[in-house]
Amino acid sequence: VLDEDLQVVGGIRDLAQDERVYSVRFDGAVGYVVTFKQVDPLFSVDLSDPSAPKVMGELKIPGFSDYLHPYGKNKLLGIGMNVDEKTMSTDGVKLTMFDISDPENVKEEQTYVIENVYYTDVSYDYKAALVDAEKNLIGFAADSEGGREYYTFSYDEKQGFTCTMHEEINGNSMRITRGIYIEDTLYVIQGNIIEAYSLKDFKKVDDIIL
């Protein structure tokens with residue numbers, strides 16, 4: 001923990017020995033940290049006293065979340081990779097919704113695995129994620145053997161994640177795909193092509209080649 005002069009005022013040592021930090025998200029006086037080596041520990045950290053941060057809870061699940069985002073009240077969205085516990089190899093992009101109503105006892109509420117999808121831009125650039133809890137909209141680009149597609153999801157506590165769209169991404173560019181919305185239209189931007197989709201039924205309505 002650093003102060004306004006970037007001087008260390010507190011810290012947690014040996015949080016998860018021999019593991020790497022994959023993602024961090026701050027939510028008020030609580031921090032959430034994901035590390036990974038064989039399983040995905042999600043740590044909740046009490047930051048109310050910056051000089052003495054302490055781990056409040058720990059949840060271990062297969063895979064890892066390398067992007068975390070608050071999703072409405074008492075929810076934390078994780079996007080990362082699912083891991084086969086026997087082979088320890090990744091086998092698909094994994095969405096996880098954590099229940100953080102009790103930071104000392106964080107729970108995995110729902111999960112969704114996009115099988116045979118091996119890469120998502122969100123893992124390396126947080127700006128590649130489109131997340132809006134009020135619109136109940138989660139979007140990102142991902143790669144598989146079949147090519148590059150843009151995915152959108154909605155979320156319900158009982159039904160879990162629902163994939164509302166996965167469409168092929170067109171355009172040539174080394175830049176990362178972006179998804180944005182204006183009112184009820186979703187725009188997927190890749191290089192010189194912008195494609196527009198209705199947020200009501202996720203059907204394509206238009207495109208332009210620049």
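Over how many bridges do strand β6 and strand β7 pair, and in which sense?

1. The pairing in question joins strand β6, residues 75-83, to strand β7, residues 90-99, and it runs in the antiparallel sense over 9 bridges. Within this pairing, Gly 80 stands opposite Lys 94 of β7, which gives the reader one residue pair from which to begin when following the two strands in the structure above. Please keep in mind throughout that this is a predicted model.

2. The two strands belong to an open sheet of 4 strands, which has the order β5-β6-β7-β8 and antiparallel pairing. Its edge strands are β5, residues 64-70, and β8, residues 107-115, each of which pairs on one side only. Neighbouring strands of this sheet are turned by 20° against each other on average, if direction is ignored. As general background, the strands of a sheet pair through backbone hydrogen bonds, in either a parallel or an antiparallel way.

3. Another open sheet of 4 strands has the order β14-β15-β16-β17, and here too the pairing is antiparallel. In this sheet the edge strands are β14, covering 178-182, and β17, covering 204-209, and each of them pairs on one side only. From one strand to the next, the twist averages 20°.

4. Within the sheet that holds β14, this strand is joined by 5 bridges to strand β15, residues 185-190, and the two run antiparallel. A residue pair to look for here is Arg 178 with its bridge partner in β15, Ile 189.

5. Turning to the chain as a whole, the protein chain has 17 strands and 0 helices. Its C-alpha atoms fill a box of roughly 55 × 45 × 35 Å, taken along the principal axes. The radius of gyration is 18 Å, which agrees with the value near 17 Å that a compact globule of 210 residues would have. Of the 210 residues in the protein chain, 43% are buried.

6. A last point concerns the surface, where Leu 2, Leu 6 and Val 8 form a nonpolar patch whose accessible area together is about 330 Å². Leu 2 lies in the segment before β1, the strand that covers 20-27. The relative accessible area of Leu 2 is 49%, and because the class "exposed" begins only over 50%, Leu 2 is described as partly exposed. A reader who inspects the patch should therefore note that membership asks for over 30% relative accessible area, a cut-off that Leu 2 passes with its 49%.

Technical notes
Residues are numbered from 1 along each chain as its sequence is written. This is a predicted model: local features need pLDDT of at least 70, side-chain atom pairs count only at pLDDT 80 or more; totals for chains, interfaces and linings use all residues. Side-chain values use heavy atoms; hydrogens and water are left out. Patches are made of residues with over 30% relative accessible area and no salt bridge: like charges are joined within 9 Å, nonpolar side chains (Val, Leu, Ile, Met, Phe, Trp, Tyr) within 5 Å. Accessible areas come from the Shrake-Rupley method with a 1.4 Å probe; for residues, only the protein chains shown count as cover. A salt bridge is a side-chain nitrogen of Lys or Arg within 4 Å of a carboxyl oxygen of Asp or Glu. Buried means under 20% relative accessible area, exposed over 50%, partly exposed in between (1.4 Å probe, protein chains only). Two strands pair if DSSP finds at least two bridges between them. Axes are lines fitted to C-alpha atoms, for helices over the stretch in contact, and angles run from 0 to 180 degrees between N-to-C directions. The radius of gyration is taken over C-alpha atoms; the globule rule is 2.2 Å times the number of residues to the power 0.38.
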